[in-house]
Amino acid sequence: MGKFNGKLLVSDMDATLLNSKKMVSSANRAAIEYFISEGGHFTVASGRMVPAVSAYFNQMTINAPAILHNGAKLYDYDTNKVVCERYIEEERKAAIKRVYDTHPELGLEVYADELVYVYRECFETERFKTRSYKVIYELPDRIWERKWTKVLIIGHKNQLDEFEPIYRRDYDKGYSVRSGDHFLDIVATGASKGNGLADLADMLKIDMKNVYAVGDNMNDIDMLQAAGHSFAVANAEQKVKDISDKVIPSCDDDPIAYIIDSI
């Protein structure tokens, strides 16, 4: 029996598990391997898509399905199979077309079948130049008939701060959440990191009182509220700190190692 048997640790990736250089520190890596070797389950909860998480498997190990697309998908990398997936409701696609027509200053990306379709390019589109997965720089008509896992509305912080409440009031009352200063994530109503965490814990037969979660941004809040033990990194948004059990070292100061040591 390992000392971490029956425990689940779930970490957000960007600005939490990953430091400001977009790397998993050696201390975090060693702590995760120790946690797993002693019977613990470790995985990530991210807005990222399947290949954007597996790109880091040379730096980290997970041994439980990952929560992806802000909870819209649970994916088992051991079997390369989708455990469950929630798709954006068909009627909500019209709101995305309206944003395209009425707000040319905002970037738009559609995620379907684990491919990125850039509906409108923006300053953040440059990030794909460093990615190894396929990106399609258009939104073909046929994709409107496909099931969508996620849409990103992209803008500068001041633009999204202004547009976010307008979007929810006038465009789409379904679920949306900020995952960073520049990103407003649109996913299925009922999809969230918190619901994904509950589904994962149930699948692993782990009581929520033995679930530990850590994050930094608004899309982590319901996950932290669902977990038995919640942590906010020191670089987290203030609202995330306010609802967490404890504020811990920043993403640049080995927060995952800190949590595992405290467990």
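Me: Before we get to helix 4, what counts as a contact here, and how are the angles taken?
Reply: Contact means heavy atoms within 4.5 Å. Axes are lines fitted to C-alpha atoms, and angles run from 0 to 180 degrees between N-to-C directions. Bear in mind that this is a predicted model.

Me: Ok, so which strands does helix 4 lie across?
Reply: Helix 4, residues 93-102, lies across strand 6, strand 7, strand 9 (150-154) and strand 11 (183-186). Relative to strand 7, helix 4 runs at about 40°.

Me: And what does helix 5 touch?
Reply: Helix 5 (residues 157-171) packs on the sheet and touches strand 9, strand 10 and strand 11. The direction of helix 5 makes about 170° with that of strand 10.

Me: What's the strand order in that sheet?
Reply: The sheet is open, with 6 strands in the order 8-7-6-9-11-10 and mixed pairing. Strand 8 (135-136) and strand 10 (176-180) are at the edges with a single partner strand each, so one side of each has no neighbour in the sheet.

Me: How do strands 6 and 7 pair, parallel or antiparallel?
Reply: Antiparallel, over 5 bridges, between strand 6 (residues 107-112) and strand 7 (residues 115-120). One detail there: A112 has L115 in strand 7 as its bridge partner.

Me: Switching to the cores. Which residues touch the most other members in the largest nonpolar one?
Reply: F42 and M60, out of 47 residues in that core. Leaving out residues up to four places away in sequence, M60 touches M13, L17, V24, V44 and V53. Apart from that core lies another of 23 residues, including I88, W144, I153 and Y167.

Me: What about the whole thing, how many helices and strands?
Reply: The protein has 9 helices and 14 strands. Its C-alpha trace spans about 55 × 35 × 35 Å along the principal axes. The radius of gyration is 18 Å, which agrees with the value near 18 Å for a compact globule of 263 residues. As for burial, 54% of the 263 residues count as buried.

Me: One last spot: where does A234 sit?
Reply: A234 is in the loop between strand 13 (229-233) and helix 8 (238-243).

Me: Buried, exposed or partly exposed?
Reply: A234 counts as partly exposed because its relative accessibility is 36%.

Me: And which residues does A234 touch?
Reply: K241, V247, I248, P249 and S250, not counting residues up to four places away in sequence. From A234 to V110 the C-alpha distance is 32 Å, with their positions 124 residues apart in sequence.

Terms used:
Residues numbered from 1 in each chain as written. Predicted model: local features only at pLDDT ≥ 70, side-chain atom pairs only at ≥ 80, totals over all residues. Heavy atoms only, no water. Pairing = 2+ DSSP bridges. Helix = DSSP H or I, 4+ residues; strand = E, 2+ residues; numbered from the N terminus. Core = buried A, V, L, I, M, F, W, Y, C linked by side-chain atoms within 4.5 Å. Buried < 20%, exposed > 50% of the residue type's maximum accessible area, 1.4 Å probe, protein only. Rg over C-alpha atoms; globule rule 2.2 N^0.38 Å.
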